[in-house]
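Consider the structure below, and begin with its metal site before turning to the rest of the chain.

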Amino acid sequence: MRCLHGGERPPGPDRPLWEVADIFRLYGATYRQTHAVSAAQQKVIDAILACRTAQLGGHAERCPQCGFER
Ligand SMILES: [Zn+2]
């Protein structure tokens with residue numbers, strides 16, 4: 001579902017190819033095997049991993065021209 005103004009945007013300056021959560025997803029397990037991660041640090045990592053996922057309700061995008069949301 002998309003609006004008349006486009007919808008799918010390619011990665012750009014305002015939309016990074018990689019997000020911090022991607023780094024944790026890819027290398028988090030490996031990092032924990034070689035570095036001490038405190039409970040507080042793990043809590044932050046878990047929160048970043050959950051950000052923008054369905055776990056927290058999802059990630060909404062809004063078209064600035066017509067207000068269409070998805
Ligand atoms: Zn639109």
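His-5 is partly exposed, with a relative accessible area of 39%. The model is a predicted one, and His-5 serves in it as a ligand of the zinc ion through ND1. The other donors are the SG atoms of Cys-3, Cys-63 and Cys-66, and the coordination distances run from 2.1 to 2.5 Å.

The angles among the 4 donor atoms are 102 to 119 degrees, and the site of the zinc ion is tetrahedral. It counts as such because all angles lie between 85 and 135 degrees. For four tetrahedral donors, the ideal angle is 109.5 degrees.

Along the sequence, the donor residues follow the spacing C-x1-H-x57-C-x2-C. His-5 sits in the segment before helix H1 (20-34), while Cys-63 sits in the segment after helix H2 (39-50), so this pair ties together parts that are 58 residues apart in sequence. Cys-63 has 11% relative accessibility and counts as buried, whereas His-5 is partly exposed.

Within helix H2 lies Gln-42. Is this residue buried or exposed? Gln-42 counts as buried, because its relative accessibility of 15% is under the 20% limit. Leaving aside residues up to four places away in sequence, Gln-42 touches Arg-32 and Val-37.

The surface also carries a nonpolar patch, formed by Leu-17, Trp-18, Ile-23, Leu-26 and Tyr-27. Together these residues have about 590 Å² of accessible area. One of them, Trp-18, lies in the segment before H1. Trp-18 counts as exposed, because its relative accessibility is 53% and the exposed class is over 50%.

Methods:
Residues are numbered from 1 along each chain as its sequence is written. This is a predicted model: local features need pLDDT of at least 70, side-chain atom pairs count only at pLDDT 80 or more; totals for chains, interfaces and linings use all residues. Side-chain values use heavy atoms; hydrogens and water are left out. Donors are N, O and S atoms within 2.8 Å of the metal (3.2 Å for Na, K and Ca); water is not among the atoms, so sites may look incomplete. Four donors count as tetrahedral if all angles lie between 85 and 135 degrees; four count as square planar and six as octahedral if opposite donors are over 155 degrees apart and all others between 65 and 115; anything else is irregular. Helices (H or I, at least four residues) and strands (E, at least two) are DSSP runs, numbered from the N terminus. Buried means under 20% relative accessible area, exposed over 50%, partly exposed in between (1.4 Å probe, protein chains only). Contact means heavy atoms within 4.5 Å. Patches are made of residues with over 30% relative accessible area and no salt bridge: like charges are joined within 9 Å, nonpolar side chains (Val, Leu, Ile, Met, Phe, Trp, Tyr) within 5 Å. Accessible areas come from the Shrake-Rupley method with a 1.4 Å probe; for residues, only the protein chains shown count as cover. A salt bridge is a side-chain nitrogen of Lys or Arg within 4 Å of a carboxyl oxygen of Asp or Glu.
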